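Me: I should like to learn how the features of a protein model are read. Please take them one at a time, with the general idea before the case.

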Amino acid sequence: EMNQIQIRLLRPDEISCRVQSLSENKAKGTVGAVILLYKDARVDMSILDETYGAMNWQREHIEIGGKMFCTIAVWDEDKKQWISKQDVGVESNTEATKGESSDSFKRSGTNWGIGRELYTAPFIYIQLETEEWYTDQQSGKPKTKPGFTITVKEITYNDNREIKTLVLVDKSGRERFSF
């Protein structure tokens, strides 16, 4: 039965991290980063394939009032019909339309339950090392250096599908955040 199907929780390698904002303590000369956890569209595609079968789901993009919407429909064998969930995209910094399409697809995937557990993530703040950031000449604001990356090493969930433990590491494998 379709309503019994549970979308699995994301594995560490399916979760990406990005810097949401940087804050500078000028007095101390330190910079901290607020990190967000997210999934990319390939994760949604893989999980839809894995959960429903590649032939049993479809996506459609339509533009309404200048906004890009995506509908993901999954075939329900019991009801002999497509069940659809739709969401709107938010423009990204790169390639507006492509970004909006991808974003609407990921949001629609979240409606199906893919990666919904990321909403339960704790507030993630990482103190940056001196060599990980620089001051932008034009804005005078701190920026992370190219190559600065944080990845999810470990994640566990409780019975309510909420994040229970989380460990983030830098590219040298050093633990930078744990919850």
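**Reading the chain**

Reply: There are two helices and 11 strands in the chain, where helices (H or I, at least four residues) and strands (E, at least two) are DSSP runs, numbered from the N terminus. The model is a predicted one, in which local features need pLDDT of at least 70, side-chain atom pairs count only at pLDDT 80 or more, and totals for chains, interfaces and linings use all residues. Residues are numbered from 1 along each chain as its sequence is written, and side-chain values use heavy atoms, with hydrogens and water left out.

Me: In what order do the elements of the chain run from the N terminus on?

Reply: The order is β-β-α-β-β-β-α-β-β-β-β-β-β. Along the principal axes, the C-alpha atoms fill a box of roughly 65 × 40 × 20 Å.

Me: How is strand pairing read, and what is the order of the open sheet that contains β1?

Reply: Two strands pair if DSSP finds at least two bridges between them. Here three strands form an open sheet in the order β1-β2-β6, with antiparallel pairing. β1 and β6 (124–127) stand at the edges with a single partner strand each, so one side of each is left without a neighbour in the sheet. From one strand to the next, the twist averages 30°; the axes behind such angles are lines fitted to C-alpha atoms, for helices over the stretch in contact, and angles run from 0 to 180 degrees between N-to-C directions.

Me: How many bridges join β1 and β2, and how many join β2 and β6?

Reply: β1 and β2 pair over nine bridges, whereas β2 (residues 30–38) and β6 pair over four. G32 illustrates both pairings: S23 stands opposite G32 in β2, and G32 stands opposite Q127 in β6. The hairpin of β1 and β2 has four residues between the strands, and G29 takes a positive phi near 70° there.

Me: Which strands stand at the edges of the sheet β3-β4-β5?

Reply: That sheet is an open one of three strands with antiparallel pairing. β3 (57–64) and β5 (81–88) stand at the edges, each with a single partner strand, so one side of each lacks a neighbour in the sheet. Direction ignored, neighbouring strands are turned by 25° against each other on average. β3 and β4 are joined by eight bridges, and H61 stands opposite C70 in β4. Helix α1 packs on this sheet, touching β3 and β4, and its direction makes about 140° with that of β3.

Me: How should a nonpolar core be read, and which residues have the most contacts inside the largest one?

Reply: In soluble globular proteins, nonpolar side chains tend to be buried together. A nonpolar core is a set of buried Ala, Val, Leu, Ile, Met, Phe, Trp, Tyr and Cys residues joined through side-chain atoms within 4.5 Å; buried means under 20% relative accessible area, exposed over 50%, and partly exposed in between (1.4 Å probe, protein chains only). The largest core has 34 residues, and L37, L166 and L168 have the most contacts inside it. Two or more residues come from each of β2, α1 (41–52), β4 (67–76), β6, β9 (150–157) and β10 (163–170). Of these, α1 gives the most, with five residues. Leaving aside neighbours within four places in sequence, L37 is in contact (heavy atoms within 4.5 Å) with ten residues' worth of partners listed here in full: I15, S16, C17, L118, A121, I124, V152, I163, L166 and L168.Me: Is E14 buried or exposed, and which side chain does it join in a polar contact?

Reply: A polar contact is a pair of N or O atoms within 3.5 Å; within protein, one must be able to donate a hydrogen and the other to accept it, and residues adjacent in sequence count only if both atoms are side-chain atoms. E14 is found in the segment before β1 (16–25) and is buried, with a relative accessible area of 8%. The side chains of E14 and R8 are joined by a polar contact of 2.6 Å.

Me: Is R176 buried or exposed?

Reply: R176, placed in strand β11 (residues 175–178), counts as buried at 12% relative accessibility. A polar atom of its side chain lies 2.9 Å from the backbone oxygen of Q127. The C-alpha atoms of R176 and I124 are separated by 10.0 Å, although the two are 52 residues apart along the chain.

Me: Where does N158 lie?

Reply: N158 lies in the loop between β9 and β10 and is partly exposed, with a relative accessible area of 25%. Its side chain makes a polar contact of 2.8 Å with the side chain of E162.

Terms used:
Contact means heavy atoms within 4.5 Å.
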